[in-house]
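User: Please take a close look at one part of this model. Pick a single helix and describe how it sits in the chain.

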Amino acid sequence: MSLQIGDIAPDFTAETTEGKINFYDYIDGHWAVLFSHPKNFTPVCTTELGYTARLKPEFEKRDVKVLGLSVDQLAAHEPWSKDIEETQGTALNFPLIADTDRTVSNLYGMIHPNASDTFTVRSVFVIGPDKKVKLTLNYPASTGRNFDEIIRVIDSLQLTAKHQVATPVNWKNGEDVIIVPAVSDEAAKEKYPEGWKTLKPYLRVVAQPK
Ligand code: BEZ
């Protein structure tokens with residue numbers, strides 16, 4: 001059975017471009033994004049890894065540790081990083097696992113045998129400081145992911161964790177949020193003395209908490 005939201009993200013130790021990493025030590029109390037891509041020296045993956053490297057300041061702002069995974073060998077990561085820098089403007093600046101024996105890929109269900117029994121699909125796991133899986137995504141090899149969306153989800157998850165709010169359709173950081181049903185009107189009065197809009201008793205909208 002694949003990993004699901006709310007499950008504890010399994011620990012592992014793996015060879016990476018930044019040396020041997022134990023996952024739990026690496027993420028220790030931080031948010032994390034663990035993502036796989038199918039293969040080095042391929043076009044879509046090159047754009048994805050370059051863009052993720054460019055987002056480093058955004059991940060740091062949100063206290064997120066990023067870890068990529070490839071089933072290619074470590075020796076193939078360095079020359080590919082040079083290509084990424086040359087074509088995308090940013091070299092790899094986060095560890096990339098060389099999961100040649102597919103230990104981590106299998107642990108996280110990143111190989112979907114009916115898509116390919118050799119390569120990982122484009123999986124993403126957002127993991128909270130409590131080591132629980134908060135989001136899972138699986139994209140096919142031919143579709144590059146939207147890493148701005150991953151940042152958007154992290155913003156939503158972090159707001160929920162801090163303020164007991166939820167975020168509506170297409171929400172972006174700074175826009176109004178939703179008071180979750182578990183918060184009574186009485187409790188909401190204390191949390192939001194400046195008030196909120198009640199569109200329905202179950203749909204209460206409030207300015208994004210700071
Ligand atoms: C790519 O990154 O472009 C790619 C990788 C594997 C299969 C298809 C496309």
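Analyst: Start where the helix stops. Gly-89 comes just after H4 and takes a positive phi of about 90°. H4 itself covers residues 74-88, which is 15 residues. This is a predicted model, and all values here are computed from it.

The span of H4 comes next. From first C-alpha to last, H4 reaches 21 Å. That is close to the 21 Å expected at 1.5 Å a residue.

Now the buried side. Ala-76, His-77, Trp-80, Ser-81 and Ile-84 are buried in H4. Helix geometry helps in reading this list. An α-helix has 3.6 residues a turn, so residues three or four places apart point the same way.

What do the buried residues of H4 pack against? Their partners are helix H2 (43-54), strand S4 (64-70) and strand S5 (96-98). Contact here means heavy atoms within 4.5 Å.

The wider chain gives the setting. It has 7 helices and 11 strands. Of its 210 residues, 44% are buried. Among contacts with a separation of 6 or more, 66% link residues 24 or more positions apart. The C-alpha atoms fill a box of roughly 60 × 35 × 30 Å along the principal axes. The exposed area is about 11,000 Å², with carbon and sulfur atoms supplying 52% of it. The chain carries 23 positive and 28 negative charges, whose mean positions lie 6 Å apart.

Notes:
Residues are numbered from 1 along each chain as its sequence is written. This is a predicted model: local features need pLDDT of at least 70, side-chain atom pairs count only at pLDDT 80 or more; totals for chains, interfaces and linings use all residues. Side-chain values use heavy atoms; hydrogens and water are left out. Helices (H or I, at least four residues) and strands (E, at least two) are DSSP runs, numbered from the N terminus. Buried means under 20% relative accessible area, exposed over 50%, partly exposed in between (1.4 Å probe, protein chains only). Accessible areas come from the Shrake-Rupley method with a 1.4 Å probe; for residues, only the protein chains shown count as cover. Lys and Arg count as positive and Asp and Glu as negative; His and the chain ends are not counted. The place of a charge is taken as NZ of Lys, CZ of Arg, CG of Asp or CD of Glu. The expected span of a helix is 1.5 Å times one less than its number of residues.
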